[in-house]
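Work through these exercises with the model open beside you. Try each task before you read its solution.

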Amino acid sequence: MTYAQFHQRSLTERDAFWTEQAALIDWQQPPQQVCDYSNPPFARWFVGGTTNLCHNAVDRHVAARGDQAALIAVSTETDTERVYTYAELQREVERMAASLKSLGVGKGDRVLIYMPMIAEAAFAMLACARIGALHTVVFGGFASGALASRIDDAEPVVIVSADGGSRGGKPVPYKPLLDAAISLAAHKPAAVLLVDRGLVSMNYTAGRDHRWSDLRQQHLDARVPCEWVDATHPSYTLYTSGTTGKPKGVQRDTGGYAVALAASMKHIFQGNPGETYFSTSDIGWVVGHSYIVYGPLIAGMATIVYEGLPTRPDAGIWWQLVEKYKVTRMFSAPTAVRVLKKQDPAYLSKYDLSSLKALYLAGEPLDEPTAQWISSALNVPIIDNYWQTESGWPILTLANGVQAQTSKFGSPGVAMYGYDVKLFDESTGEELKGPNQKGVVAIEGPLPPGCMQTVWRDDQRFVNTYWKSIPGKLVYSTFDWGIRDEDGYFFILGRTDDVINVAGHRLGTREIEESISSHPNVAEVAVVGVADNLKGQVAMAFVVPKDASALDGDAARLKLEGEIMKVVDGQLGAVARPSRVLIVNVLPKTRSGKLLRRALQAVCEGRDPGDLTTMDDPAALQQVRELVQPG
């Protein structure tokens, strides 16, 4: 069967198709109805079925491969490495589950997890799934205000945290931030469970705070059976980044999510039991949920949980792990690859990478020069993929497990099975069916299994935010511009709110960034639209050079700026030429590697950049401020 036929069948024979995928997981009670879409846009998948995420990720593998590696926890921050087999993982999860139950957590309750990238974070997630509680993972190191708003929205019974994380060898205290957040929040958790790593000293609040090592010891021999829950029972909430006002909690189900991940591990990631999967993300983000914790374990693989930088102790650390644990599938972000691109290429040839079969990249657009560099360096397929916190698994990529397909540099791929992806004119709502027409990327309902059910406790917000933006259509908007070529490959051109309107010409920031990236001395680039009295908006570009050694003086910088403008002129035309190309040492990003374009734009326009709690390096924005607001 060709992939095109496979995809078509997922839409035209939806129930039969997803019945087959549902057989990839264990059910306690089989589903009675595959999809209930009687109340659009709310889809209920595998109605009447009962299952458990933790059972499918851990318990069902113990009999056949109990001694096989399941979770490999590596920290280059604390120089520790520990391999947990499936049997050992099951025991640790049961101890955590028993501890949570002793603190009053039951089915349907929420547990907020505010943790660094350590094994206990995964134990806590799996323990929640085991007992039917919902976890809400908040990225470690989030500032107190942002954490407090999430505490108030989720209303957790228990918060699981740690004394701190570590970055670049420097401890990052979590407990003071957590204490401040709880004091700010209207909702007060009944208990706080703390992993003491010995990184920073902690003050314990009597009656509320509990030490994990003490509770673990109390429940050393605990046996906690999996709680079988309805397929439609929420498994977790995860807050989307960059939202304004009240946090927006993406609510995920249990059965649909388990099936979607199992199917994606087979058809997209081609992961086999006994192999090793290495995702370099963080559990605070959706990639960490789907492809560090749940997906690889559901597939019977070993998964690496990595705490540390890609360049410490040196730029070969990831490749060293690939060699040591015979990683077959690796998942990272273009930002990380661009960081490694600036390092000594010898690190890539130092290790035996023959086990690696593919590198998957997501999180932001993958520019062609970066894709080509890593492709030739690793000599494995580089497979881009595009999706969102809301979708839970890839919307656009290549399902090479169904039929081998060719990557096209600059494109994340084709629509995945289950997704009826279309392009719409944002003004008229007309569907754009021809090739190479620019429109809003949207999905016809029902959203496939694994996608968000709703916004936590706010069904109306779910409808209004995602389903009402295309005139006259009830379709899910991704809020991204895209085009589709003659072969069905999509190209993402940037957010619908990242479109620059220069004298009536609508330009996607992605198009300009792609052009600038082709200059041989450009490592990274960000383009934002800045208000202009004459043209409405102008494009402003910020470039990190590959080699800054010859750019000391103003003349050298202006020369590079002129060269880059000529490149854009030649590729896109003068209308797309940035008004300025400013050379910087580093771009402002979140700790997960996403560019803070909104903050860049605000600084350029002399506005307050707003909430910067997720920013990795404050000096990055200060350098921009000094360039655009001299004096």
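**Exercise 1. Describe how helix α1 (residues 3-12) and helix α2 (residues 14-22) cross, and classify their contact.**

Solution. This is a predicted model.

Step 1: Take the geometry. The axes of α1 and α2 come within 5 Å and cross at roughly 110 degrees.

Step 2: Classify the angle. The range from 65 to 115 degrees counts as roughly perpendicular. That makes α1 roughly perpendicular to α2.

Step 3: List the residues that meet. From α1 come Phe-6, Arg-9, Ser-10, Leu-11 and Thr-12. They meet Arg-14, Ala-16, Phe-17, Trp-18, Glu-20 and Gln-21 in α2.

Step 4: Sort by class. The contact of α1 with α2 has 5 nonpolar, 3 polar and 3 charged residues.

**Exercise 2. Do the same for helix α4 (residues 86-102) and helix α5 (residues 119-131).**

Solution.

Step 1: Take the geometry. α4 and α5 pack at an angle of about 70 degrees, and their axes are 8 Å apart.

Step 2: Classify the angle. α4 is therefore roughly perpendicular to α5.

Step 3: Give the handedness. The crossing of α4 past α5 is right-handed.

Step 4: Find the contact residues. In α4 they include Leu-89, Val-93, Met-96 and Leu-100. In α5 they include Phe-123, Ala-127 and Ile-131.

Step 5: Sort by class. The contact of α4 with α5 has 11 nonpolar, 1 polar and 5 charged residues.

**Exercise 3. Classify the ring pair of Tyr-84 and Phe-123, and place both residues in the structure.**

Solution.

Step 1: Check the distance. The ring centres of Tyr-84 and Phe-123 are 5.2 Å apart. Rings pair if their centres lie within 6.5 Å.

Step 2: Check the planes. They stand at 90 degrees, so the pair is edge-to-face.

Step 3: Place the residues. Tyr-84 lies in strand β5 (residues 80-85) and Phe-123 in helix α5, so the pair ties together parts that are 39 residues apart in sequence.

Step 4: Judge burial. Tyr-84 counts as buried at 7% relative accessibility. Phe-123 is buried too, with a relative accessible area of 1%.

**Exercise 4. Classify the ring pair of Trp-393 and Tyr-419, and find the cluster that holds them.**

Solution.

Step 1: Read the geometry. The centres of the Trp-393 and Tyr-419 rings are 4.8 Å apart, and the planes are at 45 degrees, so the pair is tilted.

Step 2: Judge burial. Both Trp-393 and Tyr-419 are buried.

Step 3: Follow the links. Ring pairs join Trp-393 and Tyr-419 into a cluster with Tyr-3, Phe-6, Phe-17, Trp-18, Trp-27, Trp-45, Phe-46 and Tyr-417.

Conventions: Residues numbered from 1 in each chain as written. Predicted model: local features only at pLDDT ≥ 70, side-chain atom pairs only at ≥ 80, totals over all residues. Heavy atoms only, no water. Axes fitted to C-alpha atoms, helices over the stretch in contact; angles between N-to-C directions. Helix = DSSP H or I, 4+ residues; strand = E, 2+ residues; numbered from the N terminus. Parallel < 35°, antiparallel > 145°, perpendicular 65-115°, else oblique. Left-handed = near helix turned anticlockwise from the far one by under 90°. Contact = heavy atoms within 4.5 Å. Nonpolar A, V, L, I, M, F, W, Y, C, P; charged D, E, K, R; others polar. Phe/Tyr/Trp six-rings, centres within 6.5 Å; stacked < 30°, edge-to-face > 60°. Buried < 20%, exposed > 50% of the residue type's maximum accessible area, 1.4 Å probe, protein only.
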